[in-house]
Amino acid sequence: MPLLDARDVHGGYGGMNILNGVDMTIEADEIGVIVGPNGAGKSTMLKAIFGLLHVSQGEILLRGEPIHNLPPNKLVQKGMGFVPQEHNVFPSLTVKENLEMGAFLKPDNVKRMLKQVYEFFPPLHDKRHQPAGELSGGQRQMVAMGRALMAEPSLLLLDEPTAGLSPLFMNEIFEQVKLVNSAGVGILMVEQNAKQALAIADRGFVLAAGQNRFTDTGAALLADPEVAKSFLGG
Amino acid sequence: MNELVFFINNVVIAGSVSGSIYAIGAVGVTLIFSIMRFAHFAHGDMMTFGAFMVLLLTTAFPGAGAAFGVPSALILLPLAMALTALLAVGIDKAFYKPLRAHGVKPIVLVIGSLGVTLMLQGLIRLFAGTSGQSLYVDDRKEIFRLALPFEGARAPVVITEPQLYLFVITLVAVIGLHLFLNRSRLGKAMRAMSDNPDLAQASGINTNTIVAVTWVIAGGLAAIAGTLLSLDVTFKPDLSFFLLLPIFAAAIVGGVGHPYGAVAGGFVVGFAETLAVFNWSVMLRPFRDSLPEWLTQSGNLAFVGTEYKIVVPFFILVVILVWRPTGIFKGKVI
């Protein structure tokens with residue numbers, strides 16, 4: 001049974017539909033990457049999966065269980081973590097407090113998971129008593145991912161984790177995504193840096209106008225000349 | 001020496017009294033703002049409600065405090081706090097929550113809270129009447145006169161029992177709130193929600209619970225402030241309503257959304273008020289011989305008359321909004 005199975009998802013804000021039938025399947029332990037032009041509905045799809053957007057048609061299954069239109073706190077309980085693109089830390093809380101908030105629903109996890117998150121992101125351990133708002137962009141992204149990992153999700157949704165980062169930090173984040181994934185967490189992420197992201201992807205989804213244009217393994221999409229021409233900048 | 005005693009009585013003690021009341025009130029206002037993002041104008045009347053509960057309870061259970069050697073009002077205060085917290089949660093459920101659910105602008109909630117103000121005041125008037133009543137229903141207010149051990153100090157330092165309780169309870173409340181916000185899971189979640197409500201929700205924090213906790217704390221603190229104020233003077237249905245301006249001035253001076261800022265702001269406004277109405281001519285008396293005559297001749301050298309005390313927080317409010325709208329601690333701009 002796939003970890004995440006989204007079928008023919010429609011949805012949008014107000015009366016306007018942004019998603020016009022998106023299909024997406026990820027097995028446990030896989031990395032899925034969503035790419036596509038601006039306004040294709042990439043982030044919107046993540047929000048729909050995480051219950052932040054009303055799904056008007058279609059269904060989303062987490063390990064076979066329908067989860068569409070459940071509130072985010074229920075989804076956290078069911079093993080889903082979400083890292084928004086912006087405003088993804090609590091700036092006035094310390095790094096440690098930020099991480100603790102991630103395990104709000106699982107307070108027994110805190111000690112064990114803190115240790116694990118510090119292993120994933122060693123810089124966070126040194127800065128644990130510093131307010132997250134004072135950290136650099138790359139470190140903030142680590143806090144954001146760490147916070148989501150604290151609840152021990154089986155599926156982690158990342159909305160453009162490398163947006164606005166320098167190439168150096170970008171590579172670091174991709175490495176960490178791989179590391180988290182190898183610890184058994186399924187990943188679904190939206191990325192602007194399509195080539196790099198598809199290179200680590202087990203599954204790639206190219207969206208355009210709220211629909212799947214291409215769906216294949218990351219390597220196959222990278223090798224597809226048509227995908228390269230229209231979406232990867234040649 | 002008597003001038004020093006006069007200063008202690010009229011500035012140090014009086015300023016600390018108003019400062020403490022403003023501080024406790026402003027902390028509630030600032031917490032409500034940081035979680036729900038609106039200025040809660042009914043806060044003064046929540047304070048009055050707390051004092052009114054104490055009045056009802058002391059009337060119902062006379063002699064409750066005698067067994068412990070403290071005023072009955074104080075023994076029954078925790079119960080009044082619980083009732084006021086219940087009222088606060090109830091008011092939120094009945095009036096503010098439906099508005100929030102409609103996604104209204106903050107100003108609608110502010111106006112809603114004005115409606116709650118009128119309603120609460122009317123209700124309290126209906127049952128308590130409009131005249132002042134002592135909260136010392138079954139016992140007597142102790143007044144301590146401490147003679148200073150100096151030669152020539154004829155007048156004593158005067159402090160009343162409720163003032164002493166006020167200082168102690170303010171200290172306990174501030175330390176307790178600090179520990180709650182920084183050590184407890186719920187307190188941290190409250191700060192998290194104040195920082196970023198969407199992310200708090202995405203972390204699995206139940207925002208409805210946090211809202212309820214905020215009202216419980218704000219209601220409890222309001223009951224403390226209202227009761228201790230009424231113990232210090234007398235209970236009146238509109239007593240705390242008139243403190244709304246200094247309380248909001250305190251919250252804004254401290255930086256809206258900052259509990260410590262609210263405490264600091266409370267004391268800034270409290271002391272500014274008492275210093276402004278303080279009769280400085282008394283302090284000049286020892287230096288009479290070396291000062292020009294025009295300065296010493298006047299018997300009253302206060303910056304503003306006591307009856308115009310309310311202009312002081314108003315003035316502070318205007319100055320801070322013009323010069324530093326985020327307040328001392330860089331809070332949010334209302």
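**View 1. The open sheet of chain A has 4 strands in the order E2-E1-E4-E5, with antiparallel pairing.** Its edge strands, each pairing on one side only, are strand E2 (16-26) and strand E5 (65-66) of chain A. Strands here are DSSP runs of type E with at least two residues, helices are runs of H or I with at least four residues, and both are numbered from the N terminus. Two strands count as paired if DSSP finds at least two bridges between them. As a reminder, strands of a sheet pair through backbone hydrogen bonds, either parallel or antiparallel.

Before you zoom in further, a word on what you are looking at. This is a predicted model: local features need pLDDT of at least 70, side-chain atom pairs count only at pLDDT 80 or more, and totals for chains, interfaces and linings use all residues. Residues are numbered from 1 along each chain as its sequence is written, while chains are lettered from A and ligands numbered from 1 in the order in which they are written.

**View 2. A hairpin joins E1(A) and E2(A), with 2 residues between the strands.** These antiparallel strands are linked by 8 bridges. To find your place, look for Gly11(A), whose bridge partner in E2(A) is Leu19(A). At the hairpin, Gly14(A) takes a positive phi near 60°.

**View 3. At the E5 edge, strand E4 (residues 55-62) of chain A runs antiparallel to E5(A).** Here 2 bridges join the strands. One pair to pick out is Leu61(A) with Pro66(A), its bridge partner in E5(A).

**View 4. Helix H1 (residues 42-49) of chain A lies across strand E1 (4-13), E2 and E4 of chain A.** The helix runs at about 70° to E2(A). Axes are lines fitted to C-alpha atoms, for helices over the stretch in contact, and angles run from 0 to 180 degrees between N-to-C directions. Residues are in contact if their C-beta atoms, placed from the backbone, lie within 7 Å.

**View 5. A second hairpin of chain A pairs strand E9 (residues 203-208) with strand E10 (residues 211-216).** The two strands run antiparallel and share 5 bridges. Phe205(A) has Thr215(A) as its bridge partner in E10(A). There are 2 residues between the strands, and Ala209(A) takes a positive phi near 50°.

**View 6. Chain A meets chain B through 21 residues of chain A and 14 residues of chain B.** On the side of chain A that touches chain B, helix H2 (72-77) and helix H3 (95-102) of chain A each supply at least two residues. That side of chain A divides into 12 nonpolar, 6 polar and 3 charged residues. In this count, Ala, Val, Leu, Ile, Met, Phe, Trp, Tyr, Cys and Pro are nonpolar, Asp, Glu, Lys and Arg are charged, and the others, Gly among them, are polar.

**View 7. The largest nonpolar core holds 170 residues, and Leu157(A), Val54(B), Ile224(B) and Ala250(B) touch the most other members.** Helix H9 (residues 207-232) of chain B gives the most to this core, with 14 residues. Such a core is a set of buried Ala, Val, Leu, Ile, Met, Phe, Trp, Tyr and Cys residues joined through C-beta atoms within 7 Å. A residue is buried if 20 or more other C-beta atoms lie within 10 Å of its own, exposed if 12 or fewer, and partly exposed in between; C-beta atoms are placed from the backbone. Beyond its neighbours within four places in sequence, Val54(B) is in contact with Ala73(B), Leu76(B), Leu77(B), Ala80(B), Leu135(B) and Thr227(B).

**View 8. Ser182(A) lies in helix H7 (residues 167-182) of chain A.** This serine is exposed because 10 other C-beta atoms lie within 10 Å. Ser182(A) and Lys195(A) are 13 residues apart in sequence, yet 20 Å apart in space, C-alpha to C-alpha.

**View 9. Leu275(B) lies in helix H11 (residues 259-277) of chain B.** With 16 C-beta neighbours inside 10 Å, Leu275(B) counts as partly exposed. The C-alpha atoms of Leu275(B) and Phe49(B) are separated by 30 Å, and the two residues are 226 apart along the chain.

**View 10. For context around the close-ups, chain A has 10 helices and 10 strands, and chain B has 14 helices and 2 strands.** Buried residues make up 48% of the 234 residues in chain A and 47% of the 334 residues in chain B. The C-alpha trace spans about 45 × 35 × 35 Å along its principal axes in chain A and about 70 × 50 × 40 Å in chain B.

Methods:
Contact = placed C-beta atoms within 7 Å.
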